[in-house]
Amino acid sequence: MSQSSSKAFTPLKVGPISLRNRFIKAATNEGMCKGGIISKGLVKFHEDVAKGGAAMTTVAYCATSKDGQTFPDQAHLSPQTVADFKVLTDSVHKHGAAAQAQITHAGAFTFLPKAISSMKPISANGGFNKFGVLSGRYTKKKMGPKDMEAVAEEFVNAALLAKEAGFDAVELHMGHGYLLSQFITPFYNSRKDEYGGTIENRMRFPVQVLSRVLDAVGNDLAVTVKYSQTDGKEGGNTITEGIAIAKILQKTGAHMAQLSNGLNVESISTMFGNPLPASAAKPKNLIVRIGMMMQPKSKEPDREFKPLYSLETARQIRAAVDMPLCYLGGAQTMDNFNSVINEGFDAVGLGRALLYNPELIKGLETGSISNSGCTACNKCVTLMYAPGGTACVEVGGNPGHAPELNLIPASAA
C-alpha cells in the first residue's frame, strides 16, 4: 500500500529553500575523494541517493581548507574543486533533489602527512594533543583572536564556494569532536577566558562562525548545523547543554539543526547507537584504528542497537525550541519515520539506511518496502577507507563501488 499520504512525504521549507519531502541523507564519510579528488564515484554515490527519492543529500566532511582536513583523502572546498562539485550538484538536481555541503575543520583531530599540515594543529586548548599521539603531533595550539578570525573567514569562503558550485545548503559541523565541537565540549575546552566555562561561552566561537556564514549566504542557501545532543560520556556535555545549544542556534538564526550524538573517540557507541564490530584484522586506516582501540577504554556499557536510539534526548530538545529540527539516530522503518514526524520533528536524517538501499525513499513512498533492511552492523564504518569507499557489506556480498571512479575528477571527460 502506498505511503505517499504520510506527512513524511510532504514538502518542507528550510530557510530560503524548499525540499520535496522530509528525508535527508545525513553526512556519512563517503571515502571517495582519494587524494582530495572530487570524483566520479562521489557523484554517482549522491546521484543514486537523489534518484532514490531523498529530498536532500549531504556531501560529508568538506574541509574549509587543505590544512583543515582530518586526512588527505577528504573533500575540501577551494576554487580548484568548484567545477567538480558543480558536476555533483547538477547530477543531484536533475533528479529533483537538493544538495548540501557539510563544512568542517578538523582542528586537532587531524592525521595529515607531515608535509601537508602544521605539526601543532589549532584547537580550543593548547598543550597535549591526545589525537596526535599516533601521527607525531603531540601538542596543539590554543586559538587566539587572529586564529579565530582566520578560521571564521575560511568557513565563509567555503560557504561562498559551495554556493558557486551549485549547492542548495551548507551544514556547519559542530559535533563529533572536530574544531567547532572542540570549543563546545568540556573534554577539549577548559579555557578561562570568554570562550570557556559556561556553555554560552563555549558556543561563542561557533556562533561567530554561524553568524558570518548566515550573513554571507543565508539569503540564498539553507544554513544548517549538525551537533551532538550529548557527549555520551561522564564529564562531557549532557542533555542540559544540548538544549542550551539548540536555544543558542535558534537565537542566532540557524535554518535547521540536525541532532546527532556522541564524539568520535570518547563515545562512538553513542554516535552510532552500538559499538563498531569486533575485528581480528587490524584496520589500515589510522582513524578507524583509533576508534576501535578506544572503544574498550571508553567505559561505555555494551550496547545493543535499538531503533530511534536518540529519541529520548531529541524529544527534550524538540520541547525546548521552535526552530526546524532534523532527527538522526536509528530510524529504519516507515513506522519509525512516521513516529519521528508525528512527534514534531521536521525531517529525518538517514545514514546507514541509505547506504544499504539508496532507493529506500521511493520504495517507502510506493509501499513496495516498509523498512531499510539495514542491520546496523557498522561494517560500513570500518571499511569506509577501502578503495571503493563506503558501502554496505551485506548487500550482494559486498559489491562496494567501482574503485577506479574514485580516482577520476568528476569534471574529467
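**Confidence, overall form and two buried residues of the predicted chain**

Among the elements of the protein chain, confidence is lowest on average in helix α9 (residues 286–294), with a mean pLDDT of 57, and highest in strand β9 (residues 169–174), where the mean is 99. The model is a predicted one, and over the protein chain as a whole the mean pLDDT is 92, with 92% of the residues reaching 70 or more. Where pLDDT is low, the predicted coordinates should not be read in detail.

The secondary structure of the protein chain consists of 14 helices and 13 strands. For 413 residues, a compact globule would be expected to have a radius of gyration near 22 Å, and the 20 Å computed for the protein chain agrees with this expectation. The C-alpha trace, when laid along its principal axes, spans about 60 × 50 × 45 Å. Of the 413 residues, 61% are classed as buried, and, when contacts between residues at least 6 apart in sequence are considered, 70% join residues that are at least 24 apart.

The accessible surface of the protein chain amounts to about 15900 Å², with carbon and sulfur atoms contributing 53% of that area. As to charge, 42 positive and 35 negative side chains are present in the protein chain, and the centres of these two sets are separated by 5 Å.

Two loop residues may be described individually, beginning with D346, which is located in the loop that connects α11 (334–342) with β13 (347–350). D346 counts as buried because its relative accessibility is 18%, the cut-off for that class being under 20%. When residues up to four places away in sequence are set aside, D346 is in contact with L12, R22, M256, R318, M323, P324, L325 and I341. One of these partners, R22, lies 324 residues from D346 along the chain, yet the C-alpha atoms of D346 and R22 are separated by 6.8 Å.

The second residue, F111, belongs to the loop between β5 (98–104) and β6 (122–123). With a relative accessible area of 11%, F111 is likewise buried, since this value also falls under 20%. F111 and I24 are 87 residues apart in sequence, and the distance between them in space, taken from C-alpha to C-alpha, is 29 Å.

Technical notes
Residues numbered from 1 in each chain as written. Predicted model: local features only at pLDDT ≥ 70, side-chain atom pairs only at ≥ 80, totals over all residues. Heavy atoms only, no water. pLDDT = per-residue confidence, 0-100. Helix = DSSP H or I, 4+ residues; strand = E, 2+ residues; numbered from the N terminus. Rg over C-alpha atoms; globule rule 2.2 N^0.38 Å. Buried < 20%, exposed > 50% of the residue type's maximum accessible area, 1.4 Å probe, protein only. Contact = heavy atoms within 4.5 Å. Areas by Shrake-Rupley, 256 points an atom, 1.4 Å probe, with all protein chains shown as cover. Lys, Arg positive; Asp, Glu negative; His and termini not counted. Charge placed at Lys NZ, Arg CZ, Asp CG, Glu CD.
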